[in-house]
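Q: I am new to this structure and would love a close look at a single part of it. Please take me through the largest pocket and then some of the places beyond it.

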Amino acid sequence: MNFYLLLADAILLLHFAYVLFVLLGMPAILIGVLLRWTWVRNFWFRAIHLAAIGLVVLESICGIACPLTVWEDRLREAGGGANEPGWFLGRWIERLLFVDASPTVLLVCYVAFGAAVLLTFYLAPPRRPQRRLKL
């Protein structure tokens with residue numbers, strides 16, 4: 001397999017993991033608060049989760065294409081392959097990631113989801129990181 005196409009597939013997997021983290025993080029937080037799971041109140045987990053959706057919202061508002069998508073496309077072009085993954089699972093991941101919706105619809109969805117994540121900071125605030133004493 002072509003090295004460029006292999007890198008493009010790796011970026012597709014990274015992109016998919018990013019989206020799963022953002023999407024599945026929200027129900028994990030909500031369920032975790034109800035079931036009193038302590039890890040969902042972890043400040044760093046919550047801050048990274050908020051920053052991840054915040055970046056998507058900011059890119060969408062500014063009309064910036066996702067850098068992971070751009071990078072993947074350029075690697076596929078450099079590899080001389082079609083602009084889609086050559087393996088079965090990759091094609092399914094691509095179909096899940098890139099829905100056929102207008103930029104306006106996507107913007108509304110991203111902003112609404114980002115607002116919901118931000119709301120969880122108010123309704124179920126994370127624990128502040130504890131300072132360690134220096135000896």
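A: Happy to help! Let us begin with how residues are sorted here: Ala, Val, Leu, Ile, Met, Phe, Trp, Tyr, Cys and Pro count as nonpolar, Asp, Glu, Lys and Arg as charged, and the others, Gly among them, as polar. By that sorting, the lining of the largest pocket holds 23 nonpolar residues, 4 polar ones and 1 charged one. Please keep in mind that this is a predicted model, in which local features need pLDDT of at least 70 and side-chain atom pairs count only at pLDDT 80 or more, while totals for chains, interfaces and linings use all residues. Residues are numbered from 1 along each chain as its sequence is written, and side-chain values use heavy atoms, with hydrogens and water left out.

Now for the pocket itself. A pocket is an open set of points on a 1 Å grid over the protein atoms alone, where a 1.4 Å probe fits and protein lies on both sides within 12 Å along at least five of seven lines; its lining residues have an atom within 4 Å of a point. The volume of the largest pocket is about 970 Å³, counted as the space filled by probe spheres set on the points. Its lining is made up of 28 residues, and those nearest the centre are His15, Val56, Leu97, Leu106 and Tyr110. Two or more lining residues come from each of helix H1 (3-35), helix H2 (43-62), helix H3 (67-78), helix H4 (88-97) and helix H5 (103-123); such helices are DSSP runs (H or I, at least four residues) numbered from the N terminus. H1 gives the most, with 7 residues.

Histidine 15 is a good residue to pause at. It belongs to helix H1 and counts as buried because its relative accessibility is 8%, where buried means under 20% and exposed over 50% (1.4 Å probe, protein chains only). Apart from neighbours within four places in sequence, histidine 15 is in contact with Cys66, Leu68, Thr69, Leu97 and Phe98, contact being heavy atoms within 4.5 Å.

Helix H4 is where isoleucine 93 is found. Isoleucine 93 is buried too, at 5% relative accessibility. Leucine 12 is 81 residues away from isoleucine 93 along the chain, yet their C-alpha atoms are separated by 7.8 Å.

Further along H1 we meet two residues in turn. Leucine 24 is in helix H1 and is exposed, with a relative accessible area of 53%. Glycine 25 is also in helix H1, but glycine 25 is buried, at 5%. Beyond its neighbours within four places in sequence, glycine 25 is in contact with Leu20, Phe45 and His49. From glycine 25 to valine 40 there are 15 residues in sequence and 9.0 Å in space, C-alpha to C-alpha.

Next comes the loop between H1 and H2, the place of arginine 36. Arginine 36 is exposed because its relative accessible area is 72%. Most residues other than glycine have a negative phi. Arginine 36, though not a glycine, has a positive phi of about 60 degrees.

Let us end with the aromatic rings. Rings of Phe, Tyr and Trp (its six-membered ring) pair if their centres lie within 6.5 Å, and the whole structure has 5 such pairs. Phe21, Trp37, Trp39 and Phe45 are linked into a cluster by ring pairs.

Terms used: Phe/Tyr/Trp six-rings, centres within 6.5 Å; stacked < 30°, edge-to-face > 60°.
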